[in-house]
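User: I'd like to go through a protein model with you, one question at a time. Could you show it first?

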Amino acid sequence: MSNTIGSSNCSHSSDAGVSCSSVCFTGDVRLVGTGSTISQGRVEVCYNDTWGTVCGDSWYKNDAIVLCQQVGYTGNPTLYGSDHFGPGSDELMLSRFGCTGSENSLSTCAFSFAVGNCSNVNVAGVSCSSINCTTGDIRLAGNGSNVTQGRVEVCYNNTWGTVCDDSWDINDAAIVCK
C-alpha cells in the first residue's frame, strides 16, 4: 500500500466513492438532471434546508459565473434554459438573481421567489468550464455525481486526481462529507 501522491498500485476500478446525506444547507448549490455531470446540469439552490430550482427566464451570465466559481470553475459558462437538463421537481423556484459576477456564492446575490411566472419546465441550466482547484480541494465527480455523492477526487498542483479505496473507511467518508 502506498500513500504517496502520484504513485499507487490502485487501478481506477478501485477509486474511492462516497454518498453523503442529502441534507442541504442554505447557500448550497448543485448541478443535476438528465445528462448532468460535475460541471453541468440544472441549477438547484438550497434555501431554508430545501432544494429549489432556478427560473430560466431570469438566469443571466453573471449569475452563472458566480455559480461556476462557487463549485470550483472559472472561464466562460454556457447558459441553458427551457428544460435542457430535464424539468425540476422541486416546488421552490428562485428567480432574478442580481449577481455582478464578483460574488463568492449565489447566496450573496440578491434574488426573489418566482411567483406564477415560471414553471418547472423552464429552469436554468449551466455548463461550466476551465477547472480551477487549489491543492487540498476535494470534490465528488463522475456521471450523475452531485454535491452529495460521487467518486472522491483531490486537487494536487492544480490537477484533480482520484483517491484509492485501499484502507478507505467511514472516517475518511465523514471528512469528505463535511
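User: How many aromatic pairs does the model hold?
Analyst: Happy to start there. This is a predicted model, in which local features need pLDDT of at least 70 and side-chain atom pairs count only at pLDDT 80 or more, while totals for chains, interfaces and linings use all residues. Residues are numbered from 1 along each chain as its sequence is written, and side-chain values use heavy atoms, with hydrogens and water left out. Rings of Phe, Tyr and Trp (its six-membered ring) pair if their centres lie within 6.5 Å, with planes under 30 degrees apart called stacked, over 60 edge-to-face and the rest tilted; by this rule the count is four.

User: Why is the pair of W59 and F97 edge-to-face?
Analyst: The two ring centres are 6.2 Å apart. The class follows from the angle between the ring planes of W59 and F97, which is 85°.

User: Which parts of the chain does that pair tie together, and how many residues apart in sequence are they?
Analyst: Helices (H or I, at least four residues) and strands (E, at least two) are DSSP runs numbered from the N terminus. W59 lies in the loop between strand 4 (50-54) and helix 1 (61-70). F97 lies in the loop between strand 6 (93-95) and strand 7 (112-113), so the pair joins parts whose separation in sequence is 38 residues.

User: Is W59 buried or exposed?
Analyst: Buried means under 20% relative accessible area, exposed over 50% and partly exposed in between, using a 1.4 Å probe and protein chains only. W59 has 5% relative accessibility, so W59 is buried. Its ring partner F97 has a relative accessible area of 5%, so F97 too counts as buried.

User: Which residues do ring pairs link into a cluster?
Analyst: W59 and F97 belong to this cluster. Its full membership is Y47, W59, F97 and F111.

User: Now the strands. How many bridges join strand 2 to strand 3?
Analyst: Two strands pair if DSSP finds at least two bridges between them. Strand 2 (residues 29-37) and strand 3 (residues 40-47) form a hairpin with two residues between them, and L31 has V43 in strand 3 as its bridge partner. These strands run antiparallel, and the number of bridges is five.

User: Which residue of strand 2 meets E44 in a salt bridge?
Analyst: A salt bridge is a side-chain nitrogen of Lys or Arg within 4 Å of a carboxyl oxygen of Asp or Glu, and the structure holds four. E44 lies in strand 3 and its partner in strand 2, so the salt bridge ties together parts 14 residues apart in sequence. Both side chains belong to buried residues. The N to O distance is 2.7 Å, and the partner is R30.

User: Which backbone oxygen lies 3.3 Å from a polar side-chain atom of R42?
Analyst: R42 lies in strand 3 and is buried, with a relative accessible area of 8%. R42 is also linked with R30 and E44 in a network of salt bridges. With contact taken as heavy atoms within 4.5 Å, and leaving aside neighbours within four places in sequence, R42 touches residues including T53, F85, G86 and V123. The backbone oxygen in question belongs to G86.

User: Which residue stands opposite E153 in strand 11?
Analyst: Strand 10 (residues 149-156) and strand 11 (residues 159-162) pair in the antiparallel sense over four bridges. They form a hairpin with two residues between them, and N157 in the turn has a positive phi of about 55°. Opposite E153 stands T162.

User: With which residues does E153 form salt bridges?
Analyst: E153 is buried at 6% relative accessibility. One partner, R139, lies in strand 9 (residues 138-146) and E153 in strand 10, so that pair joins parts 14 residues apart in sequence. R151, another partner, is partly exposed at 30% relative accessibility. In each case the closest N and O atoms are 2.7 Å apart, and the partners are R139 and R151.

User: Last one: what share of the residues in the protein chain is buried?
Analyst: The chain has two helices and 11 strands, in the order β-β-β-β-α-β-β-β-β-β-β-β-α from the N terminus. Among contacts between residues at least 6 apart in sequence, 65% join residues at least 24 apart. Of the 178 residues, the buried share is 41%.

Notes:
A polar contact is a pair of N or O atoms within 3.5 Å; within protein, one must be able to donate a hydrogen and the other to accept it, and residues adjacent in sequence count only if both atoms are side-chain atoms.
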